[in-house]
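Trainee: Could you take me on a close look at one part of this model, strand by strand and ring by ring? I'd like one connected story rather than a list.

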Amino acid sequence: MPAHHRHIRWGRAVAAVLVVAACKESTGPQAHLSDPVGLSSDLQTMSGVLQSPTFQSFSKVSDTTTGSPVAAPSRIGALLRAAPIMPPRTSSTLDVNAAARLLALRHGAATFSRGISASVVPAQLLGKTFVWDVTTHAYVEDPSATPAASSDRVRIILYAVDPSTGDIGEDPLTSVGFVDLVDESTTAPAVDKLHVIVSGGTPAAPVTEYANYTVSGQVTGNPVTAFTATAAGFVSDGTHTLTFSATYAVTQVDSDNPDVQIDVTWALDNPAIQVALHEAVVLSDANHFTFTITEFSITHGAETVSMHGTIAVTVLSATTETVSFDLTIDVNDVPWVRIRGTDNGITVLHADGSELSPAEVQAFLDVFGLSFSCANAMSSLFGPPGSLMGA
């Protein structure tokens, strides 16, 4: 299911949940946001950094329908795509993508058997530039590209995306920048490392850098039993800059129920916002997994909005699952909102059982909207490295 469809579905689900009647319950102090409108505005700014036109174009290089040379799945890539580094994606647990995500994780674990290679980027791609072909509607190599890509990287030209379809627009085909995927792998120590640079302009006249980050991967065992990826860098819309640092670790890779630990921090320069996520994904067996959110916090001025709790998923079939929520959102460590229940019985209410005000509803939606933006961004950021690592 396309990401934007998942977002619409979650938005409708939240709208439905917020009108569910519930009895008042007194559970202690009730927190309130000091400025829900201001929080919403700042969170929308942060989400906007991850939605710049050039960054949206960059996301297409991970799309398997484009024929991109870095879109093919691989062993480590399957794991990165199955559980990317991101804030808690409650949208994915509320739709059929949860089952697909679990199946991808199981498939990646079952087929992942190789260790670190001497090079992340395959030799046949090094020094090549790929452009969009309006005849085949796919990326193809341009052997006459000027200037040519250096021998340590593969280069892909980026194009404007049609907002109505989400596809690369061909009428007219408009270049908006390019991405260089630079191989920085080492064998002593053995580390797969990819440096990703997304720039506006052209290779002959680059302008704004919209993303600059590195992803490194290390494995344990032969056959592999554990895998760790780290990432650090920034994303920009040309006005605001969002820096991030992340660690993603998988254990029991050689089983059909690997466990995942995710730790990420983001920092927006203006307005100053700090976001942190510490989350564990535990699969008790092939069809049951639990997201334990130790912390998903947003620090905004003197106020910290933080979410913690669990989301439990039971996969019933390849297309259906049941989802249970037990989450609390605090404001400066005092409960503000509780998200509880299973499937259609999920409620989103104040900690004391009262309903949220319209401004609070919007702030709540923007908190989750930020998690969507970060989730999509991390999928895009980890797409090329995930496809190349372990291939």
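Mentor: Sure, and keep in mind that this is a predicted model. Let's start with strand β1, residues 129-133: four of its five residues are buried, so the strand is largely enclosed by the rest of the structure.

Now for its neighbours. On one side of the bookkeeping there's β2, which runs antiparallel to β1 and is joined to it by four bridges. The two strands make a hairpin with four residues between them, and in that turn His137 has a positive phi of about 55°. If you want one bridge to click on, take Trp132, whose partner in β2 is Tyr139. Then there's β3, which pairs with β1 in the parallel sense over two bridges. Here Thr129 of β1 stands opposite Arg155 in β3.

Keep Tyr139 selected, since the rings come next. A pair of aromatic rings is described by the distance of the centres and the angle of the planes. By the pairing rule, with centres within 6.5 Å, the model has four aromatic pairs. Take Phe55 and Phe58 as a warm-up: their ring centres are 5.8 Å apart and the planes sit at 50°, so this pair is tilted. Both of these residues lie in helix α3 (residues 53-59), three residues apart, which is about one turn of the helix. Phe55 is buried at a relative accessible area of 2%, and Phe58 is buried as well, at 0%.

Back to the strands: Tyr139 pairs with Tyr159, again tilted, at 6.3 Å centre to centre and 45° between the planes. Tyr139 belongs to strand β2 (residues 138-141) and Tyr159 to strand β3 (residues 153-159), so this pair ties together parts that are 20 residues apart in sequence. Both tyrosines, Tyr139 and Tyr159, are buried. Add Trp132 and you have one aromatic cluster of Trp132, Tyr139 and Tyr159. So Trp132 is worth a second click, because besides its place in that cluster the residue is the bridge partner of Tyr139.

One last stop for a geometry check, away from the strands: helix α2, residues 36-49. At 1.5 Å a residue, its 14 residues should span 20 Å, and the end C-alpha atoms are 20 Å apart, which agrees. Its buried residues include Leu39, Leu43, Met46 and Val49; Pro36, Gly38, Ser40, Asp42 and Ser47 are buried too.

Key. Residues are numbered from 1 along each chain as its sequence is written. This is a predicted model: local features need pLDDT of at least 70, side-chain atom pairs count only at pLDDT 80 or more; totals for chains, interfaces and linings use all residues. Side-chain values use heavy atoms; hydrogens and water are left out. Rings of Phe, Tyr and Trp (its six-membered ring) pair if their centres lie within 6.5 Å; planes under 30 degrees apart count as stacked, over 60 as edge-to-face and the rest as tilted. Buried means under 20% relative accessible area, exposed over 50%, partly exposed in between (1.4 Å probe, protein chains only). The expected span of a helix is 1.5 Å times one less than its number of residues. Two strands pair if DSSP finds at least two bridges between them.
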